Amino acid sequence: MQAGKGISIPSILKVGKGALARIGSYLKKEGIEQVVIFFGNGLIDLFGTDVMASLKQEEIRVLEYSELDTVDIDDIITLAFAMPNKTQAVISIGGGKVIDAGKYAAFLRNIPFISVPTSSSSDGFSSASASLLVHGKRNSVPARLAYGIIVDTQIIYIQIARCFRDEDLRADRQ
């Protein structure tokens with residue numbers, strides 16, 4: 001393929017209802033056996049049980065997992081190099097912040113990044129850059145396209161339905 005003449009497509013591209021609950025099988029097919037997971041705020045409570053069960057069923061070892069709420073480049077660099085050396089992939093589940101942080105951490109460690117967006121309001125899950133704070137200012141820094149993108153349409157649908165419900169409630173107040 002000629003440089004600049006192709007479109008990169010993630011090795012894992014899964015979109016569908018319940019896709020998050022099948023994350024283990026998707027990773028297993030790619031030979032990924034040891035992962036670090038970053039969740040957006042409050043998302044361990046919402047999705048953690050399903051994610052961990054799917055990974056456990058496929059004998060994929062979660063080396064570390066945590067909620068992440070920073071896009072400060074220095075914090076991300078520290079996080080990236082604190083990950084166990086056995087880490088074969090970074091998974092980020094959530095919105096723009098956690099996706100960008102995980103993407104950059106994986107880029108620094110030169111390992112695959114799996115993007116699991118929980119809202120449709122951002123394109124960061126599919127871009128080759130990360131929007132991080134560098135010296136207190138938001139900057140776009142180089143990263144890499146996701147090795148995998150997993151979109152659970154049921155999760156996206158619920159987020160959209162909440163927006164419409166909230167709009168309906170606002171209309172009642174006017």
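**Strands, sheet and helices**

Biologist: Which residues of strand 6 form its uncovered face?

Modeller: Strand 6 has one covered face, made up of A130, L132 and V134. Keep in mind that this is a predicted model. Opposite that covered face, the uncovered one consists of S129, S131 and L133.

Biologist: Is L133 buried, partly exposed or exposed?

Modeller: L133 belongs to strand 6, which covers residues 129-134. Its relative accessible area comes to 29%. Buried would need under 20% and exposed over 50%, so with 29% L133 counts as partly exposed.

Biologist: Which residues does L133 touch, leaving out those up to four places away in sequence?

Modeller: L133 comes to 8.6 Å from D74, C-alpha to C-alpha, although the two are 59 residues apart in sequence. As for touching, once residues up to four places away are left out, the list for L133 is V71, D72, I73 and R138.

Biologist: What is the bridge partner of L132 in strand 7?

Modeller: Strand 7 takes in residues 137-142, and 6 bridges join it to strand 6, with the two running antiparallel. They form a hairpin with 2 residues between them, and H135 in the turn has a positive phi of about 55°. Across in strand 7, L132 has as its bridge partner N139.

Biologist: In what order do the 6 strands of the open sheet come?

Modeller: The protein has 5 helices and 8 strands. Of these, 6 strands go into an open sheet with parallel pairing. Neighbouring strands there are turned by 15° against each other on average, ignoring direction. Reading across the sheet, the order is 1-8-5-4-2-3.

Biologist: Which strands stand at the edges, with one side left without a neighbour in the sheet?

Modeller: Take the order 1-8-5-4-2-3 and look at its ends. A strand there has a single partner strand, so one side is left without a neighbour. The two in that position are strand 1 (12-16) and strand 3 (61-67).

Biologist: Which residue in strand 8 stands opposite L13?

Modeller: Strand 1 is joined by 5 bridges to strand 8, which covers residues 148-152, and the two run parallel. Within that pairing, L13 faces I149.

Biologist: Which residue in strand 3 stands opposite I37?

Modeller: Strand 2 and strand 3 are a parallel pair with 6 bridges. Strand 2 is mostly covered, with 6 of its 6 residues buried. On one side those are Q34, V36 and F38, and on the other V35, I37 and F39. Over in strand 3, I37 stands opposite Y65.

Biologist: What is the relative accessible area of I91?

Modeller: I91 sits in strand 4. Among the residues I91 touches, not counting those up to four places away, are I23, L27, V36, F38, I114 and V116. Y65 is 26 residues from I91 in sequence and 9.3 Å from it in space, C-alpha to C-alpha. I91 is buried, and its relative accessible area is 0%.

Biologist: Which residue in strand 5 is the bridge partner of G94?

Modeller: Strand 4 and strand 5 pair in the parallel sense, with 5 bridges. In strand 5, 5 of the 5 residues are buried, so the strand is largely enclosed by the rest of the structure. One side shows F113, S115 and P117, the other I114 and V116. The strand 5 partner of G94 is P117.

Biologist: At what angle does helix 4 run to strand 4?

Modeller: Helix 4 is residues 96-109, and it lies across strand 2, strand 4 and strand 5. Against strand 4, its direction is at about 175°.

Biologist: How many nonpolar residues are in the contact of helix 3 with helix 4?

Modeller: Helix 3 (residues 73-82) packs on helix 4 at about 55° with the axes 9 Å apart, which makes helix 3 oblique to helix 4. I73, I76, I77, A80 and F81 from helix 3 meet A101, Y104, A105, L108 and R109 from helix 4. By class, that contact has 1 charged residue, no polar ones, and a nonpolar count of 9.

Biologist: What share of the 174 residues in the protein is buried?

Modeller: Strand 2 and strand 5 are fully counted as buried, with 6 of 6 and 5 of 5 residues. Among contacts between residues at least 6 apart in sequence, 73% join residues at least 24 apart. Over the 174 residues of the protein, the buried share is 41%.

Key: Residues are numbered from 1 along each chain as its sequence is written. This is a predicted model: local features need pLDDT of at least 70, side-chain atom pairs count only at pLDDT 80 or more; totals for chains, interfaces and linings use all residues. Side-chain values use heavy atoms; hydrogens and water are left out. Two strands pair if DSSP finds at least two bridges between them. Helices (H or I, at least four residues) and strands (E, at least two) are DSSP runs, numbered from the N terminus. Axes are lines fitted to C-alpha atoms, for helices over the stretch in contact, and angles run from 0 to 180 degrees between N-to-C directions. Contact means heavy atoms within 4.5 Å. Angles under 35 degrees count as roughly parallel, over 145 as roughly antiparallel, 65 to 115 as roughly perpendicular and the rest as oblique. Ala, Val, Leu, Ile, Met, Phe, Trp, Tyr, Cys and Pro count as nonpolar, Asp, Glu, Lys and Arg as charged, and the others, Gly among them, as polar. Buried means under 20% relative accessible area, exposed over 50%, partly exposed in between (1.4 Å probe, protein chains only).
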